[in-house]
Every structure is written in C-alpha cells, then in structure tokens.
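Q: I should like to learn how the features of a protein model are read. May we proceed one feature at a time?

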Amino acid sequence: MSFIKRVINILNNDGTILVPSDTHFAIAVNPNSAKALDWLVNQKSILNVKEITFCFTELEQIWDWIDVSAWERIQLDILSNTFWPGPLKISLKASEAAFNNILPDKSIAVVCVKNAIFREIITVLGMALAVIPAGYYGNSTKLVSFTKAREGFGTAVDLVVPTRNKNMQTKATTHISLINDTITILRQGELDITDYL
C-alpha cells in the first residue's frame, strides 16, 4: 500500500494525521467522520484554537460548509484568484448543516493549501480536510519545527506525514474575516494584503 493510500485509509476510518501545511503543521481529520471531528473539536478547546479550518484545493470542496452572502462570495472569488493557493486564511459563517450537526462554532476558516503533499492528500481524498494548527497557540504567529510538532502531537494522532521540504514562511498564515460583509484582519502574518484592502 502506498503512503498516500495509507493516509487516505486512516482518514476514511475515523483517523487523525499530523500533516505539513504552508506555514506550520496541522492536525487533520476527514470532516465527514463524526468521531474524528469530535476529537478535533476537543483538541481545539484544549489548545485554545478559535475555529476549525477547512483546507482545500478547489473552492467546490468548501461550499457545503459555509454560508456566504453575495458580497462575501465576490470577495472570496477575488481573494482566491489573487492569493490562493497560499498562506491566507479566511473566516466565514458556517453553513446551517455544519453548525447544527458538526461544529460548535458559528464560523469556520478556509484556506487553499499550497503544500504539495497536503494537496495530494486532499485531491485523492476528494474533499477538504478539517484541521487545527499544531504549530502555534491561539493568535501567536510563532511557528515551530517539524520535530517540535511531532513531539507535541505525534503520539496523539494515528499517522505523522513527514516532510523534507523546508518551510519558506517565517510567520503564521495571514487571517482575515469576511463575516457580516466586512473585511477584518484577525492576524497579520507574512502575507501582506493591505493593497487589496
């Protein structure tokens, strides 16, 4: 069994993985697994993470999870064409189905990942992955090494996806919100979007 098939098998059977993202390392689960998502929500509370992030490769993979106004949809299209894939996280209102059935919060964040192995996992799985960061706490922009992420979370997950690629980012993802038809910078990371604003 190839490594990617092993990863997919774990994700399709309520498993959890530690995977490199564009700026740090993420704990990822299949959002259609209630058991895995419950575990992720619990970890989110322990780590004081504000919201679940959905990492995707195509916008179609997130529509069922979000509820956007016409203005937010236009902004999302513009931002996706300008900055994705890459280290821009956008908070949006969670869809009714996502909020009522799965998520404890009324918002989720979305990001189109650039990391090659993360993209391959999402592509083969055929859906976005629900993740929380394993590289920093809360609003901190400090990133940690793969070794530190593995030491902190390696035994908590079913599989650690290794990386040989040096992360070129030195800060966390820039995080904005489009909720209520307003652009708000929640955390300024390495990506500067002030010209867009």
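Q: Which residues of helix 5 are buried?
A: The model is a predicted one. A residue counts as buried when its relative accessible area is under 20%. In helix 5, F118, I121, I122 and L125 are buried.

Q: How do the buried residues fall when seen down the axis of helix 5?
A: They lie within an arc of 95°, so they line one face of the helix. On the other side of helix 5, A116 and T123 are exposed.

Q: What covers the buried residues of helix 5?
A: The cover includes helix 1 together with strand 1 (16–20), strand 3 (53–56) and strand 6 (129–133).

Q: How is a pair of packed helices described, and at what angle do helix 1 and helix 5 cross?
A: The description of two packed helices rests on the angle between their axes and the distance between the axes. Here the axes of helix 1 (residues 3–11) and helix 5 (residues 116–125) come within 10 Å, and they cross at roughly 60°. The two helices are therefore oblique to each other. Helix 1 passes helix 5 in a right-handed crossing.

Q: Which residues make the contact between helix 1 and helix 5?
A: Helix 1 contributes I4, V7, I8 and L11, while helix 5 contributes I117, E120, I121, V124 and L125. Sorted by class, the contact has eight nonpolar residues, no polar residues and one charged residue. Two names recur from the earlier answer: I121 and L125 take part in this contact, and both belong to the buried residues of helix 5.

Q: What should one look for in the backbone, and which residues does a cis peptide bond join?
A: Most residues other than glycine have a negative phi, and most peptide bonds are trans. In this model a cis peptide bond joins W84 and P85, with omega at about 0°. P85 is found in the loop between helix 3 and strand 4.

Q: Where is G86 placed, and is this residue buried or exposed?
A: G86 is in the loop between helix 3 (70–83) and strand 4 (88–93). With a relative accessible area of 2%, G86 is buried. Apart from its neighbours within four places in sequence, G86 is in contact with D22, V111, C112 and K114. The C-alpha atoms of G86 and T174 are separated by 9.7 Å, the two residues being 88 residues apart along the chain.

Q: What is the sign of phi at D14 and at D181?
A: D14 is not a glycine, yet its phi is positive at about 65°. D14 lies in the loop between helix 1 and strand 1 and counts as partly exposed at 36% relative accessibility. D181 is likewise not a glycine and has a positive phi, of about 55°.

Q: Where is D181 found, and with which residues is it in contact beyond its neighbours within four places in sequence?
A: D181 is in the loop between strand 8 (174–177) and strand 9 (184–187). At 39% relative accessibility, D181 counts as partly exposed. Its contacts beyond those neighbours are with S69, W71 and E72. D181 and S69 are 112 residues apart along the chain, and their C-alpha atoms are separated by 7.4 Å.

Q: How many helices and strands does the protein chain have?
A: The protein chain has six helices and nine strands. Of its 197 residues, 51% count as buried. Among contacts with a separation of 6 or more, 68% are between residues 24 or more positions apart.

Note on methods
Residues numbered from 1 in each chain as written. Predicted model: local features only at pLDDT ≥ 70, side-chain atom pairs only at ≥ 80, totals over all residues. Heavy atoms only, no water. Axes fitted to C-alpha atoms, helices over the stretch in contact; angles between N-to-C directions. Parallel < 35°, antiparallel > 145°, perpendicular 65-115°, else oblique. Left-handed = near helix turned anticlockwise from the far one by under 90°. Contact = heavy atoms within 4.5 Å. Nonpolar A, V, L, I, M, F, W, Y, C, P; charged D, E, K, R; others polar. Buried < 20%, exposed > 50% of the residue type's maximum accessible area, 1.4 Å probe, protein only. Arc of directions from axis to C-beta.
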